[in-house]
Amino acid sequence: TAEGEVLTPLNERQMRLELARAHAKGIRSCAVACLHGWAYPAHEQRIAEIAKEVGFTQVSVSSAISNLIKYIGRADTTVADAYLSSVVNAYVQRIAAAFDETTRLLFMQSNGGLAAAGAFRGRDAVLSGPAGGVVATAAAARRAGFDRVLGFDMGGTSTDVSHYAGEFERTNDTVVAGVRLTTPMLQIHTVAAGGGSICFFDGAR
């Protein structure tokens with residue numbers, strides 16, 4: 001319950017069975033989100049332990065990923081993190097392997113800050129590229145003597161528009177590609193049309 005009372009004990013045997021079935025199908029990433037896990041994470045943590053015991057290589061837990069009361073946004077964010085983190089981790093490891101151990105690697109996050117290689121997660125990478133553009137726009141504007149600027153960052157597949165007026169504008173609740181995310185991000189409006197987009201006319205549209 002919302003007060004932390006356990007109405008139904010966690011059925012560990014059934015949980016292990018269901019996770020084993022998913023693992024047998026080749027699934028290796030797992031998202032764990034319980035209704036009141038934001039305040040009482042014991043069940044989430046135990047499910048995560050079972051998932052790791054079963055063999056899941058990526059386990060994302062909502063109370064650690066997006067510790068907010070809103071269940072749907074928290075669950076969606078956790079699923080996105082589970083989906084992306086294994087890919088992001090493999091990418092980070094490839095980058096790190098190209099440098100020696102003394103090299104300090106930092107990765108841009110969607111919130112405009114930097115994270116060490118070991119702390120960079122899937123949820124942090126969703127808008128990390130566009131966030132880098134916002135930070136660069138603000139830095140260029142300050143060097144040119146402007147404290148207010150509109151950013152227009154066109155890449156190959158999208159155009160990212162931002163606003164800077166002396167401080168970065170952030171949001172904790174946004175929708176990216178139809179997925180609701182509750183994690184700190186820079187406020188960026190993305191249009192799905194970039195330098196590599198192909199426009200055509202079919203006679204009517």
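Trainee: Of the contacts in the protein chain with a separation of 6 or more, what share comes from residues 24 or more positions apart?

Mentor: Keep in mind that we're looking at a predicted model. Take the contacts in the protein chain with a separation of 6 or more, then pick out those between residues 24 or more positions apart. Their share comes to 59%.

Trainee: Okay, and how many helices and strands does the protein chain have?

Mentor: For the setting, the C-alpha atoms fill a box of roughly 60 × 55 × 40 Å along the principal axes. Buried residues make up 30% of the 205 residues in the chain. As for secondary structure, the count is 6 helices and 11 strands.

Trainee: What about the surface: how much of the accessible area belongs to carbon and sulfur atoms?

Mentor: The accessible surface of the protein chain is about 12,600 Å² in total. The part that belongs to carbon and sulfur atoms is 57%.

Trainee: And the charges: how far apart do the centres of the positive and negative sets lie?

Mentor: There are 19 positive side chains and 19 negative ones in the protein chain. Take the centre of each set, and the distance between the two is 3 Å.

Trainee: Let's go to the rings. Why is the pair of Tyr-91 and Phe-107 called edge-to-face?

Mentor: A search of the whole structure turns up 3 aromatic pairs. In the pair of Tyr-91 and Phe-107, the ring centres are 6.5 Å apart. Planes over 60 degrees apart count as edge-to-face. This pair gets that label because its planes stand at 70°.

Trainee: Which parts does that pair tie together, and how many residues apart are they in sequence?

Mentor: Tyr-91 sits in helix α4 (residues 71-97), while Phe-107 belongs to strand β3 (residues 106-108). So the pair links a helix to a strand, across a sequence gap of 16 residues.

Trainee: Of those two rings, is Phe-107 buried or exposed?

Mentor: Start with its partner: Tyr-91 has 43% relative accessibility, so it counts as partly exposed. Buried means under 20% relative accessible area. Phe-107 is at 11%, so it counts as buried.

Trainee: Which residue joins Tyr-91 and Phe-107 in one aromatic cluster?

Mentor: We've already seen Tyr-91 and Phe-107 as an edge-to-face pair. The cluster has one further member, and that is Phe-120.

Trainee: What kind of pair do Tyr-164 and Phe-168 form?

Mentor: Tyr-164 is buried at 6% relative accessible area, whereas Phe-168 is partly exposed at 25%. Their ring centres are 5.3 Å apart, with 55° between the planes. That makes the pair tilted.

Trainee: On to cysteines. Why is there no bond between the sulfurs of Cys-34 and Cys-30?

Mentor: The structure holds 0 disulfides. Cys-30 is buried, with 9% relative accessible area, and Cys-34 is partly exposed at 21%. The closest cysteine sulfur to that of Cys-34 is in Cys-30, and no bond is possible because the gap is too far, at 10 Å.

Trainee: Cys-30 also touches Gln-58, I think. In which strand is Gln-58?

Mentor: Gln-58 is buried, with a relative accessible area of 8%. Beyond its neighbours within four places in sequence, its contacts include Arg-28, Cys-30, Ser-86 and Arg-121. Its place is in strand β2 (residues 58-61).

Trainee: How far apart in space are Ser-86 and Arg-28, C-alpha to C-alpha?

Mentor: Ser-86 lies in helix α4 and is partly exposed, at 32% relative accessible area. Leaving aside neighbours within four places in sequence, Ser-86 is in contact with Ser-29 and Gln-58. Ser-86 and Arg-28 are 58 residues apart in sequence, and in space their C-alpha distance is 8.9 Å.

Trainee: And how far apart in space are Glu-18 and Ala-51?

Mentor: Glu-18 lies in helix α1 (residues 12-24) and counts as partly exposed at 37% relative accessibility. Glu-18 and Ala-51 are 33 residues apart in sequence, and from C-alpha to C-alpha the distance is 9.8 Å.

Trainee: Last one: is Ser-158 buried or exposed?

Mentor: Ser-158 lies in the loop between β5 (149-154) and β6 (159-164). Leaving aside neighbours within four places in sequence, its contacts are Asp-153, Thr-190, Val-191, Ala-193 and Gly-194. With a relative accessibility of 18%, Ser-158 counts as buried.

Terms used: Residues numbered from 1 in each chain as written. Predicted model: local features only at pLDDT ≥ 70, side-chain atom pairs only at ≥ 80, totals over all residues. Heavy atoms only, no water. Phe/Tyr/Trp six-rings, centres within 6.5 Å; stacked < 30°, edge-to-face > 60°. Helix = DSSP H or I, 4+ residues; strand = E, 2+ residues; numbered from the N terminus. Buried < 20%, exposed > 50% of the residue type's maximum accessible area, 1.4 Å probe, protein only. Contact = heavy atoms within 4.5 Å. Areas by Shrake-Rupley, 256 points an atom, 1.4 Å probe, with all protein chains shown as cover. Lys, Arg positive; Asp, Glu negative; His and termini not counted. Charge placed at Lys NZ, Arg CZ, Asp CG, Glu CD. Disulfide = S-S within 2.5 Å.
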